[in-house]
Amino acid sequence: MNSQLIDSLWFKLGANQLPYEMPIHPQLVHLTLGLFIIAIIFDIAGTLFPLEKPILKFLSIPTVRSQFFDVGWYNLLAGAVVTFFTVAAGFFEMMLANPPTDIKSAWGLGAGATMLLHGMGGVLLLAAIVGMTVWRGLQRYRWRKDSPRQVQWSYLLAGIAILGILYVHGTLGAQMGDEFGIHNTAAGLVRQGENPNLLLK
């Protein structure tokens, strides 16, 4: 980003090219991932509850089927809310990125293409997670409110497919930090000609 524009915004950027020490986006990404994964896993567990019931009884774990679906619903709802902040932080940090132009990732992509795919993918995944939340809410409160199995098989399959897309998308994000050194403090210090081993103690 243009350094004069950054100065006009009163940002003082550190070695990681951010106005704060730790990137916020990766922290929120892991929260989004955790909430979504837990939501899908518990909805699967609730769906397969008749098969699990003897095992849970043998292990003396008292539970009812609706509790699995409650965990799935509230985690998905929280994940949808957090994802808005995740995407917003990602775009803010992407605007401050100064990626190298002479490096290719393990997938053969340059930093610019990786950032573009990661940014577009983030918006599409936000839409997918919000769509899944609306779909899940309709099942919970309208379509299947009187059914012991609160979710449809098609919903679970869509959730598993989104988990696969999240894996690919997360790999692009990891390449930005690891292979291109975007918002990586040690990489930033090396670019400035400093020794991170002396400064990061």
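**View 1. Helix 5 meets helix 6 in a left-handed crossing.** Welcome to the first close-up of this predicted model. The axes of the two helices, 5 and 6, come within 10 Å and cross at roughly 155°. An angle over 145° counts as roughly antiparallel, so helix 5 is roughly antiparallel to helix 6. On the helix 5 side, look for Thr114, Met115, Leu117, His118, Gly121, Gly122, Leu125, Ala128, Met132, Trp135, Arg136 and Gln139. Their partners on helix 6 are Ser154, Tyr155, Ala158, Gly159, Ile162, Ile165, Leu166, His169, Leu172, Gly173, Gln175 and Met176. Sorted by class, this contact between helix 5 and helix 6 holds 13 nonpolar, 10 polar and one charged residues.

**View 2. Helix 2 (residues 24-47) packs with helix 6 (residues 153-178), their axes coming within 10 Å.** Here the axes cross at roughly 150°, and helix 2 and helix 6 are therefore roughly antiparallel to each other. The crossing of helix 2 with helix 6 is left-handed. Helix 2 brings Leu33, Phe36, Ile37, Ile40, Asp43, Ile44 and Thr47 to the contact. Helix 6 answers with Trp153, Tyr155, Leu156, Gly159, Ile160, Ile162, Leu163 and Leu166. The tally for this contact of helix 2 with helix 6 is 12 nonpolar, two polar and one charged residues.

**View 3. Helix 2 and helix 5 pack with their axes 13 Å apart.** The angle for this pair, helix 2 and helix 5, is about 35°. Helix 2 and helix 5 also make a left-handed crossing. To find the contact, start on helix 2 with His25, Thr32, Phe36, Ile40 and Asp43, then turn to His118, Ile129, Met132 and Arg136 on helix 5. Four nonpolar, three polar and two charged residues make up the contact of helix 2 with helix 5.

**View 4. The largest pocket has a volume of about 750 Å³.** The pocket is lined by 35 residues, and those closest to its centre are His25, Pro26, Val29, His118 and Gly173. Some of these names may be familiar from the earlier views: His25 and His118 take part in the contact of helix 2 with helix 5, while Gly173 belongs to the contact of helix 5 with helix 6.

**View 5. Several helices share the lining of the largest pocket, including helix 4 (65-95) and helix 5 (111-143).** Helix 2, helix 4, helix 5 and helix 6 each supply at least two lining residues. Which helix gives the largest share of the lining of the largest pocket? That is helix 6, with nine residues. By class, the lining of the largest pocket has 16 nonpolar, 18 polar and one charged residues.

Methods. Residues are numbered from 1 along each chain as its sequence is written. This is a predicted model: local features need pLDDT of at least 70, side-chain atom pairs count only at pLDDT 80 or more; totals for chains, interfaces and linings use all residues. Side-chain values use heavy atoms; hydrogens and water are left out. Axes are lines fitted to C-alpha atoms, for helices over the stretch in contact, and angles run from 0 to 180 degrees between N-to-C directions. Helices (H or I, at least four residues) and strands (E, at least two) are DSSP runs, numbered from the N terminus. Angles under 35 degrees count as roughly parallel, over 145 as roughly antiparallel, 65 to 115 as roughly perpendicular and the rest as oblique. A crossing is left-handed if the near helix is turned anticlockwise from the far one by less than a right angle, and right-handed if clockwise. Contact means heavy atoms within 4.5 Å. Ala, Val, Leu, Ile, Met, Phe, Trp, Tyr, Cys and Pro count as nonpolar, Asp, Glu, Lys and Arg as charged, and the others, Gly among them, as polar. On a 1 Å grid over the protein atoms alone, a cavity is a set of points where a 1.4 Å probe fits but cannot get out, and a pocket is an open set with protein on both sides within 12 Å along at least five of seven lines; lining residues have an atom within 4 Å of a point. Grid points are joined across faces, edges and corners, and a volume is the space filled by probe spheres set on the points.
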